[in-house]
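Biologist: I am new to this structure. Could you show me how to read it, feature by feature?

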Amino acid sequence: MGEHAQIIRTQVGIVGGGPAGLMLSHLLAKSGIENIVVEKRDHETIKNTHRAGILEAGSVRMLTDSDVNGRVLTHGMEHEGIDLRFNGVSHRLNFTELVGATVTLYPQNEVFVDLAAARARDGGDVRYSVSDTEILDLTTDTPKIRFTGADGQAFEIHCEILVGADGSQGICKWAIPAEHRTDNFIEYPFAWFGILTEAPKSSDELIYANSPHGFALISQRSDTVQRMYFQADPDEDASKWSEEQIWDELQKRVDGPDGFQLKRGPIFEQMILKFRSYVCEPMRYGNLFLAGDAGHTVPPTGAKGLNLALADVKVLFEAIDSYYATKSKDLLDGYSEKALRRVWKAQNFSYWMTNMLHTRKDANPFEVKRALGELDTVAGSRYGQQYLAESYTGWPHS
Ligand code: PHB
């Protein structure tokens with residue numbers, strides 16, 4: 001196969017055309033650095049994959065300052081805070097007032113659509129629907145990506161820097177030999193049951209609810225479509241649940257003396273989202289650099305996944321840009337360590353939010369009440385609220 005492969009030369013080869021890969025490609029191109037992106041899924045599949053939706057202000061700025069387009073400003077919904085709800089009582093955390101920052105609800109698939117459109121507009125080389133992707137020669141000056149194009153033709157990209165932005169199920173991190181890689185991970189004894197519903201908003205901004213029946217998150221997509229989740233068993237079969245059962249379960253978890261009622265409507269998507277916390281260390285091997293979910297995954301409770309991916313891309317872009325401007329590899333050599341500092345802060349925050357808000361099935365009354373004591377400590381003090389608000393809205397980009 002190798003002999004018949006058509007060779008393409010470029011500076012940066014990127015595996016993965018999700019938000020991380022496309023954002024990096026876009027920034028590199030703006031800086032005059034040639035790059036090619038290969039992605040195994042097709043455009044429609046990525047566009048229709050529902051993921052989380054909260055962007056930190058720093059992520060919004062990456063989209064607007066680099067002229068992706070302004071849709072995040074016109075179509076995104078700026079949120080000033082969240083409600084923490086426990087013991088049936090809502091506690092408002094106003095981020096603007098606490099830490100002078102907001103977040104923006106703008107689903108990840110919209111970020112993808114914007115970035116893909118910007119790459120197409122600017123003549124970017126993004127190849128969807130590729131197969132048989134392999135990466136090789138990572139410790140040489142010419143790392144390579146082998147793949148079969150959508151038309152069946154075999155290709156080999158010869159590049160100088162290879163970026164693995166191929167998500168949590170990707171191939172790139174496994175190309176780092178086991179003796180050069182540490183896999184740090186934990187699993188959780190719960191998952192999220194997620195729905196999309198055609199209903200009016202139940203709340204203008206997000207509600208993170210702890211209840212004796214388990215966690216629930218009330219989120220939104222638009223005035224007419226809402227996104228909600230509730231804690232479920234990882235091996236729950238989502239298709240077995242009737243709409244009424246789902247609504248009753250969600251309602252139980254937000255019930256309280258204030259009489260708060262969810263606004264119900266037809267449910268048009270229901271699925272189980274499994275999650276775990278994972279970090280690959282280091283996020284580099286030779287001339288391979290990992291970015292986003294390819295290097296780490298967080299549980300969704302802290303809304304950090306996409307934001308971390310974009311933060312990696314910012315650090316990696318600056319390192320690659322500096323390499324081509326100065327021929328010094330100093331920033332590239334520092335990439336993994338610098339990216340990992342933010343990764344571990346986000347891991348800690350996501351782990352903390354997840355454990356504080358969820359209820360383990362086998363939890364005894366002590367553990368349940370301890371968690372309520374923790375929530376009360378956070379919600380009941382300005383310092384506690386600020387701690388959560390600072391992490392949720394995102395630490396400053398370097
Ligand atoms: C979502 O709207 O899908 C969403 C928001 C916040 C999270 C997770 C998911 O923490």
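Modeller: We go from domains to their interface, then to some local details. Keep in mind that this is a predicted model.

Biologist: Where do I start? Which parts of the chain make up domain 1 and domain 2?

Modeller: Start with the domain assignment. Domain 1 takes 2-79, 103-184 and 277-353. Domain 2 takes 186-275 and 360-393. Each domain is thus listed as separate stretches of the chain. The centres of the two domains, taken over C-alpha atoms, are 30 Å apart.

Biologist: What does a record add about residues 9-349?

Modeller: UniProt, in an unreviewed entry, labels residues 9-349 "domain: FAD-binding". In the model, this span is 30% helix and 30% strand. Its end C-alpha atoms lie 41 Å apart.

Biologist: Next, the interface. How many residues of each domain are in contact?

Modeller: Count both sides. Domain 1 brings 25 residues and domain 2 brings 25. Then look at area: about 2,100 Å² is buried between the domains, with 65% of it on carbon and sulfur atoms.

Biologist: Which three residues supply more of the area that domain 1 buries than any other three?

Modeller: They are His50, His79 and Trp352. Together they supply 27% of the area domain 1 buries against domain 2.

Biologist: How many salt bridges and polar contacts are there between the domains?

Modeller: Salt bridges between domain 1 and domain 2 number 0. Polar contacts are found, in 7 residue pairs across the interface.

Biologist: Which elements give two or more residues to the domain 1 side?

Modeller: Strand 4 (54-56), strand 5 (77-79), strand 8 (103-105) and helix 9 (330-357) do. Helix 9 gives the most, with 5 residues. By residue type, this side of domain 1 has 14 nonpolar, 7 polar and 4 charged residues.

Biologist: What is the salt bridge count for the model as a whole?

Modeller: It comes to 26. Take one pair, Arg51 and Asp293: their side chains meet at 3.3 Å, N to O. Now check where each partner sits. Arg51 is in the loop between helix 2 (43-47) and strand 4, and Asp293 is in the loop between strand 22 (288-290) and strand 23 (296-297). The pair links distant parts of the chain, 242 residues apart.

Biologist: And the backbone? Why look at phi and omega?

Modeller: Because most residues other than glycine have a negative phi, and most peptide bonds are trans, exceptions deserve a look. Ser129 has a positive phi, near 55°. Ser129 lies in the loop between strand 9 (125-127) and strand 10 (131-136).

Biologist: Is the bond from Glu281 to Pro282 cis or trans?

Modeller: That bond is cis, with omega near -10°. Pro282 is in the loop between strand 20 (276-281) and strand 21 (284-285).

Key. Residues numbered from 1 in each chain as written. Predicted model: local features only at pLDDT ≥ 70, side-chain atom pairs only at ≥ 80, totals over all residues. Heavy atoms only, no water. Domains from an automatic or database assignment. Contact = heavy atoms within 4.5 Å. Buried area = accessible area lost by both parts, 1.4 Å probe. Salt bridge = Lys/Arg side-chain N within 4 Å of Asp/Glu carboxyl O. Polar contact = N/O pair within 3.5 Å; in protein donor to acceptor, adjacent residues only side chain to side chain. Helix = DSSP H or I, 4+ residues; strand = E, 2+ residues; numbered from the N terminus. Nonpolar A, V, L, I, M, F, W, Y, C, P; charged D, E, K, R; others polar. UniProt positions renumbered as here; feature names shortened; annotations may be inferred.
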